[in-house]
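Reader: I would like a close look at a single part of this structure, the largest cavity. What lines it?

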Amino acid sequence: MKKNYYHIIAFGMTVALSLTACSDQFLQDKKNYEYVSVDVYNDFEGCCGRLADAYSFVLPNATADPSWRFNSTGKSDDQSKCTEEYSSFGFFVNPEVELMTSGDNAVPDYFQNSNQNIQETPWGHIRNINEMIAGFEGSTLSQEQKDQLIGQALFLRAWRYYNMFKWYGGLPIVKTVLNPTKDVFVQRSSSKETMEFILDDLNTSAKLLKPFTANGGWVKSDDWGRVTSATALALKGRLLLLWASPLFNRTNDPKRWTTAYDEIQADMATIDACGHGLYQTGSNINASDFAKMFTEIKSSEAVFVSLYNTVQNGTDMARNNGWESNIRPKNTSGGGGINASAMMVDMFPMADGKIPASADTYTLLETSSYTEQTNNTHDYPFMNRDPRFYRTFAMPGFRWAYNGDPTTANPDNPSYNAGSNYVLWNYVWYLDKNDQGNVESGTSYGADNLLSNTKGIYVRKRSDDLDVNVSPLYANWAAAANVSGFVNSAAPYIEIRYAEVLLNYAEAACMAGHMEEAVEQLQKIRARVGYTAENNYGLQANLSNDQKACMSAILYERQIELAYEGKRFDDLRRWMLFDGGTGVSSIVGAPSSWTLTGWDGNTCKWLGFKPLNGQRRENMLFRTADKWGVGENNVNGDPLVKGGVERPEGVDLRKELAPQLTTLKAWYADNLVRRESRGDGYDSSHNLEYITFLAKYYLLGLNGSAMSRNKGIYQTIGWEDNTRGNANGTFDPLAE
């Protein structure tokens, strides 16, 4: 790969002084904030500053859109909109668009981005980290200090590589600081070599950090949030699963699964020794622990975490988490919320742990011997659901308390005692009866001054719920005149949770033939949210002796437990669940080794899943019943209010749910009707369109811009090489 960083010296980037917990004075004394002298590496505080620089550019961002720099974190971005979680076609599933290497429909560039700024390309970040590693190794620091620094730097390099590897497979492997000359070029290595390189970085990172972190975590409280041995080993588990999954393991080679199982099982002791485990308080009410862990500083659940603060935006030290503001309804002075698809709402488990029977009509799970189903009430989706349902979604009639005065932004917003008694009432009405049954109509108006800013079903997950966390992590914006919104939140973002570690363990154990161990991990996860051994934690009885059923249950559990955390699209790709892997023959130039021969040649059929290709995701909302007529387009236009309808108290998740849900159901029956609303797109003739994920997207080609900046690099098979006359790519990500 050609390196064109002519304006960058070998000593790296500007040190981000405001982000380091180490002494600022040492670096300030240098009087040089643009470049860093080699002398900085002979001072431990200076090395901490350099390392903080790498953290600031490499850590995940809770609300950024996925890009070359950031992974998906669960918002309604173009990757999550390729899953069941949201409707509206993301760019990988749009039936009207085929992604090419260049032009108006160019494939996203997760490989290069820019060659003009070392901070704006993954290779710049890697160069920066390589320079640090060399500096740490050649310094006069003690070996103990070197190990602590190098261990963290190796993880950050592995994280940057992993986020490219999952898309492209083989990558240029750069371990040293390259001289920025035109003659420097590194070609793509094989996927196996790349995987082994990342694996080596993670194993070495874990080994170096073990003396500092495997006795309960970092000793100094100010160091919490730094990567640990557990962080490295948890990412290693992800990597080994990816390598063993159908995406890279088309023959279902059992050795890869055995390796993943052996490694993950052996690593669990170190992960636990770093102070990690499922977050549990002992006072878990209606899965309150499942909600609280996302706002708990120093949670045992957080294996890989990005930290935030409440420092005012616009200052050098500000690092605020915008998730709370994004997901809150507009009448709380929030950003307007994000809308969950009806598909995702309907496929969540029932209270007995089984999938709703109605879900198989349009979701991934088909009626089969692999998945047990139970009845549900379609018109009242909140009835008798898995405890996580109520912590993941919000709909009319549910409390969602907060701290602040929304009337400072709009006097028509309902105060609900400064948010402390807020109940979401987001049912809608129409101005014309003809719109009430028109799926494409967008002229609905929401109650409580939501009006045109309402969502049908709000995503509630990861919320700083005042009923769960009485000391919110967002700033008290209500005290400031003319300020509104859930600003300056310090809620941490957890990229790898302990629950995911258990799910990775379960998957490897299942596919390596240790189904009983796999089931044990599912039981632990379900026990945390309230399931008990009395009904086998809601799991069907045959999982310990039926590998297909066990694997299906694990993927379903991943989908529910990790919903809206940015993990689902990666799972869909690595298990090839858009088409079961049957579309490989459509890839131009694909060798026979790309054909899926494991899993009976079709992962969807093997698992009992319905391919996501050919399906649609709609949304749902609740409108006022016909007997209440139409309303008006203003805060006083609610036909239920004008009709004198009294609302019940909001469902309070701090109390017993069953009687409250029964009351709410009766109120819905009298006053509301579930209605489908437009989700995925229509063509120009208003015909329904369906999810279309092309087989070549499983392993991406390099964007044309990246190719032109790295002349000589090989393009992926199935993608045109615009540096070689648009010939088909020749790089095989599956060749060893």
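Author: What follows describes the largest cavity and its lining.

This is a predicted model, in which local features need pLDDT of at least 70 and side-chain atom pairs count only at pLDDT 80 or more, while totals for chains, interfaces and linings use all residues. Residues are numbered from 1 along each chain as its sequence is written, and side-chain values use heavy atoms, with hydrogens and water left out.

Rolling a probe the size of a water molecule over the atoms shows where empty space is left. Here a cavity is a set of points, on a 1 Å grid over the protein atoms alone, where a 1.4 Å probe fits but cannot get out; lining residues have an atom within 4 Å of a point. Grid points are joined across faces, edges and corners, and a volume is the space filled by probe spheres set on the points.

Searching the whole structure gives eleven cavities of 30 Å³ or more. The largest cavity has a volume of about 170 Å³. It is lined by 14 residues, of which Y162, R238, D570, D571 and R574 are the closest to its centre.

Helices are DSSP runs (H or I, at least four residues), numbered from the N terminus. At least two lining residues come from each of helix 4 (143-168), helix 6 (229-244), helix 12 (498-511) and helix 15 (568-574). Helix 15 gives the largest share, four residues.

By class, nine residues of the lining are charged (Asp, Glu, Lys and Arg), four are nonpolar (Ala, Val, Leu, Ile, Met, Phe, Trp, Tyr, Cys and Pro) and one is polar (the others, Gly among them).

Definitions and conventions. On a 1 Å grid over the protein atoms alone, a cavity is a set of points where a 1.4 Å probe fits but cannot get out, and a pocket is an open set with protein on both sides within 12 Å along at least five of seven lines; lining residues have an atom within 4 Å of a point.
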